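Okay, thanks everyone, let's get going. I'll put the structure up, and then we'll walk through it together.

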Amino acid sequence: MGWTCEKCGRTFARNRQSHSCAAVYPIQALFAGEKAQWLPLYEALKAAVEARQGAFEEYVCSSCVMWKHLSTFASIKPAIQHLEVEFIADRLYPERRPKYTLQISAHRVGHFVVVQDESDFPDVLDWIDQSYALTLLGITRGKNS
């Protein structure tokens, strides 16, 4: 089920879905240099999400790691001073204190939040769970945002 891009190897719910073909990198390349300090926190976050949602696909590109089940539900970008976690929501949630937001479509808003240690996990895990649930909703409606 779905479609796999012949160029980049990523899978999508819709045939010939528009995307950017990005080269896949080893995780160590993304977390190189000063960003290496954030790899253990990333691994802890990934393990926590897997414990809640089960296995999912991980795509490492030059700027972030994308987590995908039926569609992308989160992306994680290491910075010098923190991890930046993006999750998708069905509306804007300013109370989540995002670093910034991005209106992706009429009913999808990307929220970018800062994660500096595991004390940030409880809220972030709940938001990622909600984003994961949206991927399921999109599939059942015949859409994949």
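I'll talk about the sheet, then the cysteines, then the aromatic rings.

One thing up front: this is a predicted model, so please keep that in mind as we go.

Right, the sheet. We've got 6 strands in an open sheet, and reading across, the order goes β3-β4-β5-β6-β8-β7, with antiparallel pairing. At the edges you have β3, residues 57-60, and β7, residues 100-105, and each of those pairs on one side only. From one strand to the next, the twist averages 20°.

So what packs on this sheet? That's helix α2, residues 39-53, and the strands touched by α2 are β3, β4, β5, β6 and β8. If you compare directions, α2 makes about 5° with β4.

Let's zoom in on a couple of the strand pairs. β3 and β4 make a hairpin, with 4 residues between them. They run antiparallel, and 4 bridges join them. If you want a spot to click on, take Glu57, which stands opposite Lys68 in β4. Moving along, β5 (residues 72-78) and β6 (residues 83-89) also run antiparallel, with 5 bridges joining the two. There, Lys77 has Glu84 in β6 as its bridge partner.

Okay, cysteines. How many disulfides do we count? The count is 0. Just to be clear on terms, a disulfide is a covalent bond between the sulfur atoms of two cysteines. Now look at Cys61 and Cys64. Why isn't Cys64 bonded? Its closest cysteine sulfur, the one in Cys61, is 3.7 Å away, and that's too far for a bond; the cut-off here is within 2.5 Å. Cys61 counts as buried, because its relative accessibility is 10% and buried means under 20%. Cys64 is buried too, with a relative accessible area of 13%.

Last bit, the aromatics. The structure holds 8 aromatic pairs. Take Trp67 and Phe73: the ring centres are 6.3 Å apart and the planes sit at 45°, so we call that pair tilted. For anyone wondering about that label, under 30 degrees would be stacked and over 60 edge-to-face. Buried or exposed, then, for Trp67? Trp67 counts as buried, at 0% relative accessibility, and Phe73 is buried with a relative accessible area of 0%. Both rings belong to one aromatic cluster, together with Phe31, Tyr42, Phe56 and Tyr132.

That's my tour, happy to rotate the view for anyone.

Terms used. Residues numbered from 1 in each chain as written. Predicted model: local features only at pLDDT ≥ 70, side-chain atom pairs only at ≥ 80, totals over all residues. Heavy atoms only, no water. Pairing = 2+ DSSP bridges. Axes fitted to C-alpha atoms, helices over the stretch in contact; angles between N-to-C directions. Contact = heavy atoms within 4.5 Å. Buried < 20%, exposed > 50% of the residue type's maximum accessible area, 1.4 Å probe, protein only. Phe/Tyr/Trp six-rings, centres within 6.5 Å; stacked < 30°, edge-to-face > 60°.
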